[in-house]
Amino acid sequence: TLLTVEALRRRGITPRALLLVGEPFLDNAATLRRLVPAPVFEVPPFAPLTAQAVDAFVASSDLDEVWR
């Protein structure tokens, strides 16, 4: 994730948020929150991965401000 953020920065792109999908690992999120100036969200795995599942997650989270 840090390599991806660095590649984006080199291209002049600033991520609006980071979405960590899967089982949470406390150290990963904490490190990213310390090093990346963007909100970090931990997202549960989607099973099955559908547009409706993602839409439901976005509607029930604080992502609205990031999506605008």
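Of the contacts in this protein with a separation of 6 or more, 31% pair residues 24 or more positions apart. The model behind that figure is a predicted one, so much for provenance; on to the fold.

Secondary structure here adds up to four helices and two strands. Going along the sequence, these elements come in the order α-β-α-β-α-α, with the two strands split up by a helix and a pair of helices rounding things off. As for overall dimensions, the C-alpha trace stretches about 35 × 30 × 20 Å along its principal axes.

What about the surface? The protein has 68 residues, and 25% of them count as buried. About 5200 Å² is exposed, and 58% of that area comes from carbon and sulfur atoms. On the charge side, there are 7 positive and 8 negative side chains. The centres of these two sets sit 11 Å apart.

Zooming in on one residue, Glu 6 belongs to helix H1, which covers residues 2-10. Its relative accessible area is 33%, and Glu 6 is therefore partly exposed, since that value falls between the 20% cut-off for buried and the 50% cut-off for exposed. Glu 6 can also be set against a residue from elsewhere in the sequence: Val 36 lies 30 residues away along the chain, and the C-alpha atoms of the two are separated by 9.6 Å.

How values were computed:
Residues are numbered from 1 along each chain as its sequence is written. This is a predicted model: local features need pLDDT of at least 70, side-chain atom pairs count only at pLDDT 80 or more; totals for chains, interfaces and linings use all residues. Side-chain values use heavy atoms; hydrogens and water are left out. Buried means under 20% relative accessible area, exposed over 50%, partly exposed in between (1.4 Å probe, protein chains only). Contact means heavy atoms within 4.5 Å. Accessible areas come from the Shrake-Rupley method with a 1.4 Å probe; for residues, only the protein chains shown count as cover. Lys and Arg count as positive and Asp and Glu as negative; His and the chain ends are not counted. The place of a charge is taken as NZ of Lys, CZ of Arg, CG of Asp or CD of Glu.
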